[in-house]
Amino acid sequence: MLGIMTREQMTEGPLLKKLLLYTLPVMATGVLQLLFNAADLVVVGRYAGNTSLAAVGATGALINLIVNLFIGLSVGTSVTVAQYIGSGENEKLSRVIHTSMAASLAGGIIVFFIGFFGSHTFLTWMDTPGDVIGLSTLYMKIYFVGIPANMVYNFGSAILRSSGDTKRPLLILTSAGVLNVILNLIFVIGFKMSVDGVAWATVISQTASAALVVAHLMHIKTNIHLDIRKLRFHGRELLTLLKIGIPAGLQGSMFSISNVIIQSSVNSFGPEFMSGNSAAANIEGFVYVAMNSFHHTALTFTGQNVGARKPERVTRVLLFCLMYVSGAGILTGVAAYLLRYPLLGLYLPDSPAAVQNGIERMTVIMSTYFTCGIMDVMNGVLRGMGSSLFPMLITVITVCGLRIVWVYTVFAVFGTPFSLYVSYPVSWVLCFSTQLVFYVFAKRSLNCRLRSNF
């Protein structure tokens, strides 16, 4: 069934069709999430002006930087839940689930304090322009009020996906997203609010999605049942989550640091360029989530087959996912570029110059974005195998490190948008090439480890 996979379906029989059936709801979930986020930008751009649009866009890289370390722990949840389901260790599975949900609450509270009280300082460090920073700070402060709920949803949906259920997160997100769009229209158009309106709409919808995912986990009677009374930190399971999750979180944070530095370089071109860059980046997001859905698929199928002691299926998972992600990246990238004028016009109806700025970015990214997809799929397989530290080091060095060096060398010399944006595909290709070499050794190690455990 579309979006519902049992352990037996994921660890036995042909893979090609199952991988696609599992992925489609994940892809739809990501696209819907971006549509709802795009609604924020479209509403604020059309009814509050380009300055408000630039203010919201300027916060994206910074928010990801603050949040990603703790969101990375949900990767630890995904891998561990998948492996324990694959191995049939239900007692350990229950402890992981309750530890994960406790960690989501604790992490959400920590992130709230960091983001709420540090937003203006962080934006100042990014050289955010004076006519934007006030609105950006307001948006971030309100946004971080909803971060605990956002964490709960992410961890809860990670549990569902790893159990083979990608349908329920899609339904939950759809409900919360529709609420978000309605509240955007009410707050911004009806109440004449600006960035604060879209921020409060986001907070309320995130709270709704968290409530729905928790209610479902409490109601379900399978081996992923959640009992609020059992929420606590189990030491061994917490260490397992941290072992996988911290490198994943650090990798996400380092990605964000490099993107914050690039955003700072974008800010140097002024608010009009920032608005065009923000609109283009939001459109690119749709291509990214179409590809990134195969990362989740690769991680879950790999994790369950490793847990079931079937490492021979891992290479097939990798090859099929690489094939799918390349096709998805090329098709959606070309489609987005061909539709660049009407798509950018949705965000920037009265700013032809900003549209041209957005096209500069799309020209570089859309033609090469599929290489980011194959990099993410490889990352998902390596994490599903239980290897998180070395993939993190590879990504930090080949992607984050290269981009930071690039900004202070190549971009410093040429100073053009093209010289800034081309750092993205160069880093993706370098990272994938290095990951592929590491995979060969990691796969041999996995085979030896599983044989020795028999």
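Start by selecting Phe 191, which in this predicted model sits in the loop between helix 8 (167-190) and helix 9 (195-219). With a relative accessible area of 55%, Phe 191 is exposed, and if you add Val 178, Ile 182 and Ile 186 to the selection you will see the residues that together with Phe 191 make a nonpolar surface patch of about 360 Å². While you are in this loop, look also at Lys 192, which comes just after helix 8 and takes a positive phi of about 60°.

Next, colour helix 8 itself, whose 24 residues reach 34 Å from the first C-alpha to the last, close to the 34 Å expected at 1.5 Å a residue. Which residues of helix 8 are buried? They are Pro 169, Leu 170, Ile 172, Leu 173, Ala 176, Gly 177, Asn 180, Leu 183, Asn 184, Phe 187 and Val 188, a list worth displaying alongside Val 178, Ile 182 and Ile 186 of the surface patch.

From the loop, move on into helix 9 and select His 216, which is found there. His 216 counts as buried because its relative accessibility is 13%, below the 20% limit used for that class. Leaving out residues up to four places away in sequence, His 216 touches Leu 160, Asp 165 and Arg 168, so show these side chains together with that of the histidine.

Now turn to the interior and select Phe 144 and Ile 224, the residues that touch the most other members of the largest nonpolar core, which has 122 residues. The largest share of this core, 12 residues, is contributed by helix 11 (residues 271-307). A second core, separate from that one, has 5 residues, including Val 75, Val 79, Ile 244 and Leu 299.

Stay with Phe 144 and display its surroundings: apart from its neighbours within four places in sequence, Phe 144 is in contact with Ile 63, Ile 66, Val 67, Val 111, Phe 112, Gly 115 and Phe 116. One of these, Val 67, makes a good next selection; Val 67 lies in helix 4 (residues 60-87) and, at 7% relative accessibility, counts as buried. When residues up to four places away in sequence are not counted, Val 67 touches Val 111, Phe 144, Ile 147 and Met 151. For a distance across the model, pick the C-alpha atoms of Val 67 and Glu 8, which are 59 residues apart along the chain and separated by 35 Å.

Helix 6 (residues 130-143) is the next stop, and its 14 residues should span 20 Å at 1.5 Å a residue, which agrees with the 20 Å between its end C-alpha atoms. Within helix 6, the residues to select as buried are Val 132, Ile 133, Ser 136, Thr 137, Tyr 139, Met 140, Ile 142 and Tyr 143.

The last part of the tour concerns charged side chains, for which a search of the whole structure finds 6 salt bridges. Select Glu 91 and Arg 95, whose salt bridge has its closest N and O atoms 3.1 Å apart. These two residues are separated by about one helical turn, because they are 4 residues apart in helix 5 (residues 90-125). Glu 91 counts as exposed at 61% relative accessibility, whereas Arg 95, at 23%, counts as partly exposed.

Keep Arg 95 selected and add Glu 237, with which Arg 95 forms a salt bridge whose closest N and O atoms are 3.1 Å apart. This pair links distant parts of the chain, since Arg 95 is in helix 5 and Glu 237 in helix 10 (residues 235-267), 142 residues apart. Glu 237 counts as buried, at 4% relative accessibility.

Where do the side chains of Glu 284 and Arg 361 meet? They meet in a salt bridge with an N to O distance of 2.9 Å. Glu 284 lies in helix 11 and Arg 361 in helix 14 (residues 352-365), so the pair ties together parts that are 77 residues apart in sequence. Both partners count as buried, Glu 284 with a relative accessible area of 2% and Arg 361 at 9% relative accessibility. To finish, return to Glu 91, Arg 95 and Glu 237 and display them together, as salt bridges that share partners join these residues into one network.

How values were computed:
Residues numbered from 1 in each chain as written. Predicted model: local features only at pLDDT ≥ 70, side-chain atom pairs only at ≥ 80, totals over all residues. Heavy atoms only, no water. Core = buried A, V, L, I, M, F, W, Y, C linked by side-chain atoms within 4.5 Å. Buried < 20%, exposed > 50% of the residue type's maximum accessible area, 1.4 Å probe, protein only. Contact = heavy atoms within 4.5 Å. Patch = residues over 30% accessible without salt bridge, like charges linked within 9 Å, V, L, I, M, F, W, Y side chains within 5 Å. Areas by Shrake-Rupley, 256 points an atom, 1.4 Å probe, with all protein chains shown as cover. Salt bridge = Lys/Arg side-chain N within 4 Å of Asp/Glu carboxyl O. Expected span 1.5 Å × (residues − 1).
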